[in-house]
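Please work through the exercises below with the structure open beside you, and try each task before reading its solution.

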Amino acid sequence: MGHMTELQERQDKLQGMGTSLLRKEDAKFIRGQGTYVDDIKLPGMLFGAIVRSPYAHARIRRIDKAKALACPGVVAVLTADDLKPVKLHWMPTVGADVQAVLADEKVHFQYQEVAMVLATDRYAAADGAAAVEVDYEELPAIVDPKKAMAKDAPILREDIKDRTEVGHGPRTHPNHIFTWEAGDKAAADAAFANAAITVREEILNPRVHPCPLETCGCVASFSKATGALTLYVTTQIPHLFRTVLAMLSGIPESKIRVVGGDIGGGFGNKVPIYPGYVVATVASIVTGVPVKWIESRIDNISTTGFARDYHGTGELAADKDGRIKGLRFTALADHGAFNSHVSASKLPAGLFSICTGSYDIPAAWCRVDAVYTNKAPGGVAYRCSLRVTEAIYLIERMMDVLAQKVGVDKAEIRRRNFVKKEAFPHTTAFGWTLDSGDYHTALDKVLKACDYEGLRKEQAAKRADPNCPTLMGIGLSTFTEIVGAGPTKVCDILGIGLFDSCEIRVHPTGAVIARLGTMTQGQGHTTTYAQIIATELGLPASDIVIEEGDTDKSPYGAGTWGSRSTPVSGAATAMAARKIKDKAKKIAAHLLEVAEGDLEWEIDRFKVKGNPSQAKTMKEICLVSHTGNLPPGMEQGLNAVSYYDPPNLTFPFGAYLCVVDIDKFTGETAVRRFYALDDCGTRINPMIIEGQIHGGLTEAFAVAMGQQIPFDENGNHLGNSLMDYFLPTAMETPHWETDHTVTPCPHHPLGAKGVAESPHVGGIPCFSNAVIDAFAHLGVTHMDMPHSAYRVWRKLNELGVNKR
């Protein structure tokens with residue numbers, strides 16, 4: 001008993017993997033001591049304010065700077081003409097397109113950047129921006145992507161109207177960007193031709209915005225003496241950002257330092273490189289003084305990376321019992337004015353082909369057509385991997401549609417079509433290898449926990465009661481996500497592989513500093529990475545410092561997005577730690593005068609097999625590693641670097657259940673219960689996982705129940721402030737019940753899969769399915785999001801349900 005107690009005490013002291021260790025990074029934030037971009041103050045710093053277009057589509061006849069330059073404190077006004085000498089009035093995008101940095105002769109969306117005013121303080125810059133006079137000739141705008149490729153549609157991108165392709169295959173119209181296909185169309189068509197049952201539904205994923213608490217901004221500081229550029233910036237990808245800056249500016253990458261600092265939320269919105277960053281950088285290069293640019297909330301919602309805007313059509317073919325034989329999914333993607341959506345070079349439609357979800361579907365085909373419109377560009381992965389939310393929303397909605405057509409329960413239709421546990425690894429019809437899963441167990445656990453049969457009986461009773469004032473809906477979502485971008489053989493950006501990295505340095509006292517290529521925005525990296533190292537090296541997490549986001553300090557990595565930190569950088573951390581551990585074992589064997597094979601690892605030390613009193617702790621080894629008492633030929637120190645390029649992506653999954661009660665007379669939807677079971681493989685910090693799940697579910701609730709960026713027919717933005725755009729507070733957010741199963745990833749060094757995005761991806765269809773299920777007995781098979789009270793009330797009114 002005493003020995004076991006001693007082992008537990010040593011284990012507890014480490015606070016390693018599996019421990020709900022409080023977040024180490026929170027101490028500075030709750031004291032108000034974080035350092036965000038807008039906190040940066042440098043001597044002689046100028047402030048930039050952007051002049052934006054009031055029109056969605058217009059020619060620029062003239063820009064008059066005179067009144068702005070006469071404003072007190074205004075130093076300069078930059079337009080596209082001022083950027084032309086350095087060839088930075090346009091910039092390349094990761095989508096193989098080009099994007100105007102400042103509008104060149106024409107504006108393509110409302111609030112597009114037209115000029116930047118530089119002044120000695122922020123208020124003077126704003127006054128100067130208001131004084132810039134721009135003469136516009138308004139042009140017809142295209143807002144509806146379904147009209148973009150009409151024969152008489154106005155040509156939006158005159159700069160590329162004669163190009164036959166924009167990086168991803170032939171174009172069929174001046175407003176067409178690309179057509180992308182995956183799967184076997186002939187096999188899918190044959191499945192439909194022979195199917196007993198087919199279903200089809202048009203399903204919209206409306207345009208939404210991640211809307212992080214902190215807007216975008218930067219401080220650019222160029223030294224004319226050294227030719228070095230430092231950029232403090234709100235970015236999720238510091239190293240990739242540095243590479244792009246070098247390509248754009250011509251400054252050697254070795255002379256560029258990008259510092260992420262503390263980031264007030266990203267959710268994909270801080271992956272792109274925005275024009276404001278580029279203009280501020282050019283301004284600093286020209287003036288030789290630091291330049292700060294911070295956008296407003298309205299600018300952030302109006303112009304930075306949006307998400308979704310996928311107009312989909314889902315089709316399933318099944319036998320008479322509802323077992324799916326074929327899938328055909330198509331989507332019309334609205335990419336806005338420039339193809340600057342974030343995606344891997346080889347995957348213009350991202351990972352949309354994960355659309356078979358958790359189901360064993362033998363024949364499948366999908367197609368995405370992308371078009372230009374007069375809306376802001378972007379297309380970021382809002383708390384998901386690239387286009388995964390759109391794909392999972394389609395399949396999870398279509399599973400409900402199929403269940404209604406077949407006449408079976410919505411849980412049963414899923415159970416019949418799941419990939420079976422014994423079938424893993426399973427290769428989908430699109431070629432993805434799902435390495436592990438146990439879908440039946442997850443679903444059954446949720447159904448039992450929520451008394452699913454009892455809920456269906458209650459629903460039937462309420463439907464039979466004509467005086468019941470509410471409609472009750474039960475939603476299910478049994479999803480598989482694809483994260484951990486990712487294998488270089490599959491994913492790259494601008495030709496750079498999406499590997500990640502970790503450098504670990506162990507000090508003589510056993511304290512550790514680790515530097516990584518990721519960029520935290522609130523995910524708890526400082527704690528999670530420390531716990532991985534603590535478990536791997538047997539050194540306390542409290543003595544481990546984590547650094548990210550400064551390209552002068554950390555090794556090259558692809559940053560944090562697409563739920564890739566634990567799947568890729570977490571693996572790099574474990575691999576680097578194991579290199580150190582291997583060296584430490586050699587030192588221990590030397591000190592104990594035994595062969596390496598005679599040693600075994602126990603929590604925080606190497607001990608001799610069969611003689612546990614002979615042992616060397618890691619702290620002892622750390623000190624010796626900096627002395628001369630080492631094996632012959634061994635260098636001092638315990639340092640290691642690992643670059644990890646995963647062999648496959650990871651596939652976390654989950655089963656969610658939502659119960660809603662809809663007021664028949666107001667359309668108000670009350671979420672009575674939401675039960676979320678996630679399987680993210682090995683759980684490193686259960687408390688942080690819970691926090692990530694709560695955050696993802698809250699954003700899923702926002703998207704499903706209220707978020708949308710609407711436009712009028714002229715391209716005017718109708719929802720770009722927090723008076724209009726729904727961000728749920730504690731008042732609106734439902735109570736979350738969470739659960740888990742553990743199915744380790746077989747190819748990950750720790751068995752981890754990633755979790756932060758799964759609740760967003762799986763939560764959205766669960767909410768929608770619950771709302772639509774409330775109307776299922778009335779013949780309704782689909783209702784587009786968002787399910788706001790007014791939109792639900794309109795459906796109630798249309799069906800005559802709200803008549804007293």
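The model used here is a predicted one. As a starting point, find E593, which comes just after α15 and takes a positive phi of about 60°.

**Exercise 1.** Check whether the length of helix α15 agrees or disagrees with the span expected from its residues.

*Solution.* Begin with the extent of the helix, which covers residues 565-592 and so has 28 residues. The expected span is 1.5 Å times one less than the number of residues, which gives 40 Å for α15. The end C-alpha atoms of α15 are 38 Å apart, and this agrees with the expected value.

**Exercise 2.** Work out which strands stand at the edges of the four-stranded open sheet, and which helices touch its strands.

*Solution.* First set out the order of the strands, which is β25-β24-β23-β29, with mixed pairing. In this order β25 (544-547) and β29 (638-644) each have a single partner strand, so they stand at the edges and one side of each is left without a neighbour in the sheet. On average, neighbouring strands of this sheet are turned by 15° against each other when direction is ignored. Next, look at one pair in detail: β24 (residues 512-516) runs parallel to β25 over four bridges, and R515 has E547 in β25 as its bridge partner. Helix α14 (residues 525-537) packs on the sheet, where it touches β23 (500-506), β24 and β25, and its direction makes about 135° with that of β25. Finally, α15 lies across β23, β24 and β29, and runs at about 145° to β29.

**Exercise 3.** Describe the open sheet of three strands and find which helix packs on it.

*Solution.* The strand order is β26-β27-β28, and the pairing is antiparallel. Because β26 (599-602) and β28 (611-617) each have a single partner strand, they are the edges of this sheet. Neighbouring strands are turned here by 35° on average, direction ignored. The helix that packs on this sheet is α15, which touches β26, β27 and β28 and whose direction makes about 40° with that of β27.

**Exercise 4.** Decide whether R59 and E158, which meet in a salt bridge, are buried, partly exposed or exposed.

*Solution.* The N to O distance between the two side chains is 2.8 Å, and the pair links distant parts of the chain, 99 residues apart, with R59 in strand β2 and E158 in the loop between β8 and β9. Buried means under 20% relative accessible area and exposed means over 50%. R59, at 30%, is therefore partly exposed, and E158, at 33%, is partly exposed as well.

Notes:
Residues are numbered from 1 along each chain as its sequence is written. This is a predicted model: local features need pLDDT of at least 70, side-chain atom pairs count only at pLDDT 80 or more; totals for chains, interfaces and linings use all residues. Side-chain values use heavy atoms; hydrogens and water are left out. Helices (H or I, at least four residues) and strands (E, at least two) are DSSP runs, numbered from the N terminus. Two strands pair if DSSP finds at least two bridges between them. Axes are lines fitted to C-alpha atoms, for helices over the stretch in contact, and angles run from 0 to 180 degrees between N-to-C directions. Contact means heavy atoms within 4.5 Å. A salt bridge is a side-chain nitrogen of Lys or Arg within 4 Å of a carboxyl oxygen of Asp or Glu. Buried means under 20% relative accessible area, exposed over 50%, partly exposed in between (1.4 Å probe, protein chains only).
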